[in-house]
Amino acid sequence: MSGHSRFVSPFHRPRCLAAAAPAGKANLTHPGKAILAGGIAGGIEICITFPTEYVKTQLQLDEKANPPNTKALQARIMCGLGAGVAEAVFVVCPMETVKVKFIHDQTSANPKYRGFFHGVREIIRTQGLKGTYQGLTATVLKQGSNQAIRFYVMTSLRNWYKGNDPNKAINPLITGLFGAVAGAASVFGNTPLDVIKTRMQGLEAHKYKSTMDCAVKIMKHEGPAAFYKGTVPRLGRVCMDVAIVFIIYEEVVKVLNIVWKTD
């Protein structure tokens, strides 16, 4: 997930992209178009990037593996932070918890989850609803910083490219490049939080009393390099993730503007 994730994209992407799309001076995208475009983009993104998410999660769960300026600015960062926190609380945390448990379960000698619905039932039966909200604090910190970083980088690059012409068209390849840069920035900025989140949502989450306790134990037993486990596959996934979502989002909005008149 992130950053990106990745069963949650169809649900949490629209709000973030709706806010990011204006990039400063451009007109706001109609909410209905933003939701539809974001959902389509997120669904396609999941299908393309899930394999690298799987690898990233496996590496982060392995405790023994070798690690591989202005008020507009403030508004963008707060917009991304707020969107990230909201999506973490209402969507990302339970979905990420289920995802991590499933992936971790597949590495067991005798996997106990026979499928999605069976797994969810077992988690709730044995741990209650709180079992789907493990690592909430780490998830909030990760998602909040994810979106704050991506909002800032993406909108700054878009505004730089458009210069004094807010209506200047941006080539889809340029949009993808900007999205990839924004995604990379978020990876290098908060992978330690992603590692902590993953550990607290795995099948051995009972070993950690809190987010801080998890961080301390990782540092004590594995060293600082452990906080960057899974960086390479996460970098590949997130760069593709953000680039794909922004490209598809922009192109879908163009089509919707033609077939769906809202002015």
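Is phenylalanine 178 buried or exposed? In this predicted model, phenylalanine 178 has a relative accessible area of 6% and is therefore buried. The paragraphs below set this residue within the overall fold, and then turn to charged pairs, cysteines and the surface.

The secondary structure of the chain consists of 8 helices and 0 strands, so that the order of elements along the sequence reads α-α-α-α-α-α-α-α. Of the 263 residues in the chain, 49% are buried. The accessible surface of the chain amounts to about 12,500 Å², and carbon and sulfur atoms account for 66% of that surface.

Across the whole structure, 3 aromatic pairs were found. In one of them, the ring centres of tyrosine 161 and phenylalanine 178 lie 6.0 Å apart, and the ring planes meet at 75°, so the arrangement is edge-to-face. This pair links distant parts of the chain, since tyrosine 161 belongs to helix α5 (residues 136-162) and phenylalanine 178 to helix α6 (residues 172-201), with their positions 17 residues apart in the numbering. Whereas phenylalanine 178 is buried at 6%, tyrosine 161 has a relative accessibility of 24% and therefore counts as partly exposed. A single aromatic cluster is formed by Trp160, Tyr161 and Phe178. Tyrosine 161 also has a charged neighbour: lysine 168 lies over the face of its ring, at 4.4 Å from the ring centre.

Side chains of opposite charge can pair when their charged atoms come close. The count of salt bridges in the model comes to 12. Among them is the pair formed by glutamate 250 and arginine 158, whose closest N and O atoms are 2.7 Å apart. Because glutamate 250 lies in helix α8 and arginine 158 in helix α5, this salt bridge ties together parts of the chain that are 92 residues apart in sequence. Both glutamate 250 and arginine 158 are buried. Helix α5 thus contains arginine 158 of this salt bridge as well as tyrosine 161 of the edge-to-face pair.

A further salt bridge joins glutamate 222 to lysine 229, with the closest N and O atoms at 2.8 Å. The two partners fall into separate accessibility classes: glutamate 222 is partly exposed at 22% relative accessibility, while lysine 229 is buried at 2%. Arginine 237 and aspartate 241 form another salt bridge, in which the closest N and O atoms are 3.4 Å apart. These two residues stand 4 residues apart in helix α8, and about one helical turn therefore separates them. Arginine 237 is buried, with a relative accessible area of 0%, and aspartate 241 likewise counts as buried at 0%. In addition, salt bridges with shared partners connect Glu96, Lys99 and Lys197 into one network.

A disulfide is a covalent bond between the sulfur atoms of two cysteines. The search of the whole structure returned 0 disulfides. Cysteine 93 is buried, with a relative accessibility of 0%. Cysteine 239, at 18% relative accessibility, also counts as buried because the class covers values under 20%.

Serine 108 occupies the loop between α3 (71-106) and α4 (116-127). With a relative accessibility of 29%, serine 108 is partly exposed. The C-alpha atom of serine 108 is separated by 9.9 Å from that of leucine 203, although the two residues are 95 residues apart along the chain.

On the surface, a nonpolar patch is formed by Leu36, Val255, Ile258, Val259 and Trp260. Together these residues present about 490 Å² of accessible area. Helix α8 (residues 231-259) gives the most to the patch, contributing 3 residues. Valine 255, one of the patch members, lies in helix α8 and counts as partly exposed at 47% relative accessibility. Helix α8 therefore supplies residues to the surface patch and also holds the salt-bridged arginine 237 and aspartate 241, together with glutamate 250, the partner of arginine 158 in helix α5.

Definitions and conventions. Residues numbered from 1 in each chain as written. Predicted model: local features only at pLDDT ≥ 70, side-chain atom pairs only at ≥ 80, totals over all residues. Heavy atoms only, no water. Patch = residues over 30% accessible without salt bridge, like charges linked within 9 Å, V, L, I, M, F, W, Y side chains within 5 Å. Areas by Shrake-Rupley, 256 points an atom, 1.4 Å probe, with all protein chains shown as cover. Salt bridge = Lys/Arg side-chain N within 4 Å of Asp/Glu carboxyl O. Buried < 20%, exposed > 50% of the residue type's maximum accessible area, 1.4 Å probe, protein only. Phe/Tyr/Trp six-rings, centres within 6.5 Å; stacked < 30°, edge-to-face > 60°. Lys NZ or Arg CZ within 6 Å of the ring centre and 35° of its normal. Disulfide = S-S within 2.5 Å.
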